[in-house]
Amino acid sequence: MKKGEIVTEQQFFDQVKSYIKSEESLALIRKAYDYAHEKHEGQFRRSGDPYFTHVLSVAYILATLKADPQTVSGGLLHDVIEDCDVSDEEFTAIFGEEIHGLVDAVTKIGNLKIKDQAEYQAANHRKIFIAMAKDVRVILIKLVDRLHNMRTLKFQSPEKQKRIARETLEVYAPIAHRLGLAEIKNELEDLSFFYLDNDKYHEIAHLVENKKSERDKQVKTMIEEISAILEEHHIPFRIFGRSKHLYSIYNKMTVKNKRFDEILDLLAIRIITKTELNCYEILGYIHATYKPIQGRFKDYIAMPKVNLYQSLHTTIIGIDGKIFEVQIRTEEMDQIAERGIAAHWAYKEGQSKSRQQKDIVKELEWLKAFEDEDRDASHYMNDIMNDIFNANIYVMTPKGRVIDLPNGSTPIDFAYRIHTEVGHQTIGALINDVLMPLNTPLKTGDVVSIRTNKNSGPSEDWLKFVKTNNAKNKIRAFLQKKEEQERAEFAKAGEQILKDEIKRRNLDPEILDHKKLETVAPQFQVQSVNDLFYSIGVKSLTVQALIEKLVKQEKKELDSSSLQSVLEKNQAKRRHTNTKTDVYVKGIDTMKIQMSSCCKPVYGDEIVGYVTRGSGIKVHRRDCPNVRSEKARLIDVYWNEDHDNNIKYDTEITIYSKDRAFLVSDIVTVIAQYRATMLSVNIVANRDDLTATALIGLVVDNKDHLETIMANLRKVDSVMDVARAIK
């Protein structure tokens, strides 16, 4: 069927049955088909087509790739959890954990707190890559899903077309390339090119079309000549011309700054033969007949690419001096070249995983190295795309394993791609059996052997020349861990030095309480107790200075729990103290007299009585604002001249000060010095202007006693004023 046509049920199942024969497998796909059809009922695409046509097209393309029954079912079901209000539990109960894992991996992340659209996209891509490391079928579904969306992108808004095309070109096409899916990669690139630069797309398409008849004639003549040579030597083959896709032409014109007629492989021929030996025989006959261009021969059969691509590439000067690129490969190699991992993953009933499938799984294990990194999604994506999907040099281990790396990579980058510990322990490198510096840039075809030493470790200088983000992250992590270990050792030594000195001075070991150490740490410009110990360990802080500060604090500080204990004790004591007043009213002996709770007068204050209804007389200070405007109910009251020294008076004062450490301790110390009993403390700090207001409840002998205390409190550092409190 043609691209863009709507797939019918009959076409889909005909394709599936062309390679899947098991009744059980076909029943699974039928169940997935019916379930997806039911769940997407009533949903439509922007084109106006039923939404189900999209998932059916995805499943159909997967079937053309001969995907297994679970992957085809996953293609049918890949949107039901996201778009059809189907729970994970319901889905798993019907289709099992395996298919749920595939569908969940390609389902967009929901309920995610993100900074912007880019971060959201990166988080979704990271989810797919991590799942892909565990099951490569995830990326097959995602790539085919993206391929069909790109084929129908014309129904989206121009803004969305460009956004999706840009994402496809930057993320999905490189993935397809890395996995050897040439057919999908080429179509994704050309479709993206069409929407991102439509004018240039049509310009190149026009150039190609104008040259088509001339080019076809030249290719046809060359095919006839080569065919005659191969027939003469009885080598099995089929031969055809191939067209380079438009984005590839554009890329060479822009990146390499070449004119259209300078692109060497615009005239290209592919020869498919039976065996690997036939490939080399054909190459020999072609080189014997036509002059090869130096530096343009590549043997990807002897040294396959990481995605298992194999082929012989040569560029020759053909008829009339025209330049041709010739690719020579077997049928199996051709399938792998066009379909990559899909060719290796092609479903064969009754067969277990092939060696190639296991190799692919092994090659994808590098993705797991990024899974636990403490980086946000955008950094994760940058690392993956830079280190893996944009890699363009291929080097080998001595055993022939191919490692792909970005341009400019060094033996250190190579070592970290082999294994983290190999990277850490690297001390030297042989490149093509020659000992070379560790900052030597590698090139395609190099055979690299790493020399290691278990007692060695990475150098900070490596960060100046390594190319891959993976290597940089591993080196930084090692150096950070090493620094933390060294710091911990110095801190442990510093703590022991402090303990030994405290023991030598016969000081109370309680002085080393962490809370006490935390309070003095900022005074030494450090943030934590460990920083204090470390400073002692590296001798940037003397033990004597720290101990002096701790001893001074011990004498000065009264912590909140001790203060609360004192207050409770004083309040209990006050309840058992004589609470008589020393006030009388002339001519009245039977009237109940009480001190007011608002201004709390003490012996010696100027006072006045206020006659209440039913509670006798309340004694106020004359300046109390609560009685200042009263006339009718005020009465003169007097202090007894024969004052009873056993009578104490509750009162309250307000202290206004700058906020600072140990303020409460200093206030309590002054109050204690003048033998007053403290009943309560309430401090409110103002963070805006760094001030504090303290309301202190006291028990004093008289006014003179109180004023002495207030006068000395005003002398305390940071205190701005002290006043009698009035409620």
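Accessible areas here come from the Shrake-Rupley method with a 1.4 Å probe.

**Figure 1. The whole chain, a predicted model, seen through its surface and its make-up.** By that method, the chain exposes about 38100 Å², and carbon and sulfur atoms supply 47% of this area. Of the 727 residues, 47% count as buried. If you like to take stock of the secondary structure before zooming in, the chain has 26 helices and 21 strands. Among contacts between residues at least 6 apart in sequence, 66% join residues at least 24 apart.

**Figure 2. Close-up of the largest nonpolar core, which has 62 residues.** Good residues to start from are Phe12, Val72, Leu77, Val80 and Phe91, as these touch the most other members. Helix 3 (residues 52-64) gives the core its largest share, nine residues. In general, nonpolar side chains tend to be buried together in soluble globular proteins.

**Figure 3. The surroundings of Val72, and a second core elsewhere.** Leaving aside residues up to four places away in sequence, Val72 touches Phe12, Val16, Tyr19 and Ile29, along with Ala59, Leu62, Ala63 and Ala67. Apart from the largest core lies another one, of 33 residues. Among its members are Val583, Ile653, Ile696 and Val722.

**Figure 4. Helix 10 (residues 182-196) and what covers it.** Eleven of the 15 residues of this helix are buried, so helix 10 is largely enclosed by the rest of the structure. To find them in the view, look for Ala182, Ile184, Lys185, Glu187, Leu188 and Glu189, then for Asp190, Leu191, Ser192, Phe193 and Tyr195. The cover over these buried residues includes helix 8 (137-151), helix 9 (158-178) and helix 11 (198-232), as well as helix 12 (246-255) and helix 14 (331-339). The length of helix 10 can be checked too: at 1.5 Å a residue, its 15 residues should span 21 Å, and its end C-alpha atoms are 21 Å apart, which agrees.

**Figure 5. An open sheet of three strands, in the order 10-9-11.** The pairing is antiparallel. Strand 10 (434-436) and strand 11 (448-452) are the edge strands, each pairing on one side only. From one strand to the next, the twist averages 35 degrees. In general, strands of a sheet pair through backbone hydrogen bonds.

**Figure 6. Strand 9 (residues 426-431) beside strand 10.** These two strands pair in the antiparallel sense over three bridges. A handy spot to look at is Leu430, which stands opposite Leu435 in strand 10.

Technical notes: Residues numbered from 1 in each chain as written. Predicted model: local features only at pLDDT ≥ 70, side-chain atom pairs only at ≥ 80, totals over all residues. Heavy atoms only, no water. Core = buried A, V, L, I, M, F, W, Y, C linked by side-chain atoms within 4.5 Å. Buried < 20%, exposed > 50% of the residue type's maximum accessible area, 1.4 Å probe, protein only. Helix = DSSP H or I, 4+ residues; strand = E, 2+ residues; numbered from the N terminus. Contact = heavy atoms within 4.5 Å. Expected span 1.5 Å × (residues − 1). Pairing = 2+ DSSP bridges. Axes fitted to C-alpha atoms, helices over the stretch in contact; angles between N-to-C directions.
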